[in-house]
Amino acid sequence: MGKLFGFLQYERQLPEDRDPLERLNDWNEIHELLPLEKQKEQAGRCMSCAVPFCHSGMVIKGVPTGCPLHNLIPEWNDLLYKEQWNLAKERLLRTNSFPEFTGRVCPALCEGACTCGIHQPQITVRQNELSIIEHAFENGFMEPRRPAVSTGKKIAIVGSGPAGLACAEILNRLGHSVTVFERSDRVGGLLMYGIPNMKLEKRIVDRRVELMKKEGVTFRTSCHVGVNQSADELIKDFDAVVLCCGSGKPRSLNVPGSEGRGVAYALSYLTASTRHVLDGKADLPEELNAKDKHVIIVGGGDTGTDCVGTALRQGCKSVHQLEIMPKPPVSRTAQNPWPEYPKILKIDYAQQEAIAKYGSDPRQYQLQTREIQRDEKGNVCAVITDRIQWIRGEDGRMSPKVLEGTTKKWQADLVLIAMGFTGPEDTLIQSYGLTQDGRSNVAAENYQTVCKGVFTAGDMHSGQSLVVRAINEGQQAAMACHEYLVQE
Ligand SMILES: Cc1cc2nc3c(=O)[nH]c(=O)nc-3n(C[C@H](O)[C@H](O)[C@H](O)COP(=O)(O)OP(=O)(O)OC[C@H]3O[C@@H](n4cnc5c(N)ncnc54)[C@H](O)[C@@H]3O)c2cc1C
Ligand code: SF4
């Protein structure tokens, strides 16, 4: 184990984030790393408990807890404490294909299940993970590993998000020839165009893609399978196809006024913003620019939060985030005990920034959007909401009841819909005659769809989720595909 009684000696410590007001002036990452000596102390807090829950990857009451990748957390904490950096990196990469992504954006399902967290602040698992992998990149330990053998089998992976990348990495290591098709101009899926630069700098995604290229993976961008690249050809030209196309259909807000200019889906908005940050040339399209506008974001989740941070950096006049659910408690309730993932109020980076700029949290709870109003020129001018109460019905299900006399008008020039996604797009489902499950995800048995030799993974298969779960899906699908190929 790390340091005997380290958890009693050292307090949990995370690096200071950059100052909220200062960081609004740029798009750089908000997080820093701790000095190595301090990070070592944090790893020394790990108790190496007899039955660690942090790496369990369980689902309790429908909610995942513990690391879905089953990262060997106590083992690499120990190696980090002993400053055996290279061994720690090897241990980490045994289970996690891309710790540099999860170390930045994972909600750390592990930390909610940390045994130390029962009576003390949890171990800084995510931060320890990040420091191991960044140390490895900075010190030249991340050399390309080309496969020792070639099987002669060719695999097409469609979609270059975390699922597609994880799948490509493993199949390439197993000696197959892997080509990743991506319809976008850049590789990375939502890691590139979705999660904003201040949470995950795009040079980090490019760094990994360059490494994978050196290891032998081929990437073909601006290749939209089923549109400018024939889906049938993939079946003919490759021995197997793995679809990792994400869950691209946004949930719409069906209220009067929600169609047309001034209302945009969060992902279109975030994509345009990142493209602008990266290309830096042309102006942002006016309808996707929050500068000097009153911005209303419908949806209080993480995507809505990324819209808050983006709107603030673009120079909005005001920003509010409307959430239909009640405000979460500040600490665990009796109904949400350890080791469940704690469903508690988070003040995320963008809320901290809004508080620093305007003096209050931009989130407003238990609000249902009734209408989006437009002026005589058709421009969005207000959002009308009602306050609701959640009532438990006789069947035990909760449903919203509008509270009379609570109607409110919010000034708005730009409305962003961040209400999640309803499932994968139809193009390839139709091209390959795939079936869908009750939640409209692509149905598969051990990642194999009803179309022979066609596999699926990630959000397309499991529904809108997390980077860590998409990596896990990509890894599992790679193994299923490999078994299929060796039996062929
Ligand atoms: C705004 C936003 C912020 C998020 N923030 C976080 C976070 O902080 N932490 C976290 O853990 N999770 C976060 N998530 C969720 C996470 O990003 C996703 O769960 C994850 O990226 C899913 O990975 P994937 O590989 O399945 O799909 P995606 O990342 O969606 O990638 C799918 C790729 O397939 C491509 N594609 C689709 N169809 C085709 C086709 N026909 N031909 C070629 N290419 C195609 C798409 O262009 C895309 O690049 C966020 C999601 C959003 C929307
Ligand atoms: S990937 Fe996420 S859940 Fe797993 S150890 Fe890292 S931070 Fe924790």
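## A walk from one helix to two ligands

Let's start with helix α12 and a quick check: at 1.5 Å a residue, its 14 residues should span 20 Å, and its end C-alpha atoms are indeed 20 Å apart, so the two values agree. Keep in mind as you look around that this is a predicted model.

Which residues of α12 are buried? They are A266, L267, Y269, L270, S273 and T274. Now look down the axis of α12: these buried residues fall within an arc of 160°, which means they line one face of the helix. What does that face pack against? The buried residues of α12 have β7 (249-250), β8 (263-265), α13 and β16 (414-417) as their packing partners. Just after α12 comes G280, and its phi is positive, near 60°.

Time to zoom out. The domain assignment splits the protein chain into domain 1 (6-138), domain 2 (154-248 + 422-487) and domain 3 (252-419). Taken over C-alpha atoms, the centres of domain 1 and domain 3 are 30 Å apart. Where these two touch, domain 1 puts in 18 residues and domain 3 puts in 13 residues. On the domain 1 side, α2 (20-23), β2 (63-65) and α7 each supply at least two residues, and β2 has the largest share, with 3 residues. Sort that side of domain 1 by class and you get 12 nonpolar, 4 polar and 2 charged residues.

Next, the ligands. Around ligand 1 there are 39 residues, and G159, G161, G189, G246 and G458 come nearest. Which domains does this shell draw on? Domain 2 and domain 3 each give at least three residues to the shell around ligand 1. Our starting helix turns up here again: α12 (266-279) supplies at least two residues of this shell, and so does each of α9 (162-173), α13 (302-314), α15 (427-431), α16 (459-462) and α17 (467-487). By class, the shell around ligand 1 has 19 nonpolar, 14 polar and 6 charged residues.

Ligand 2 has 14 residues around it, and the nearest are C67, T102, C106, C110 and R126. Two helices, α7 (109-112) and α8 (125-138), each supply at least two residues of this shell. Which of the elements gives the most to the shell around ligand 2? That's α8, with 3 residues. The shell around ligand 2 divides into 9 nonpolar, 3 polar and 2 charged residues. You've met α7 before, too: α7 also supplies at least two residues of the side of domain 1 that touches domain 3.

How values were computed:
Residues numbered from 1 in each chain as written. Chains lettered and ligands numbered in written order. Predicted model: local features only at pLDDT ≥ 70, side-chain atom pairs only at ≥ 80, totals over all residues. Near = placed C-beta within 6 Å. Helix = DSSP H or I, 4+ residues; strand = E, 2+ residues; numbered from the N terminus. Nonpolar A, V, L, I, M, F, W, Y, C, P; charged D, E, K, R; others polar. Domains from an automatic or database assignment. Contact = placed C-beta atoms within 7 Å. Expected span 1.5 Å × (residues − 1). Buried ≥ 20, exposed ≤ 12 C-beta atoms within 10 Å, placed from the backbone. Arc of directions from axis to C-beta.
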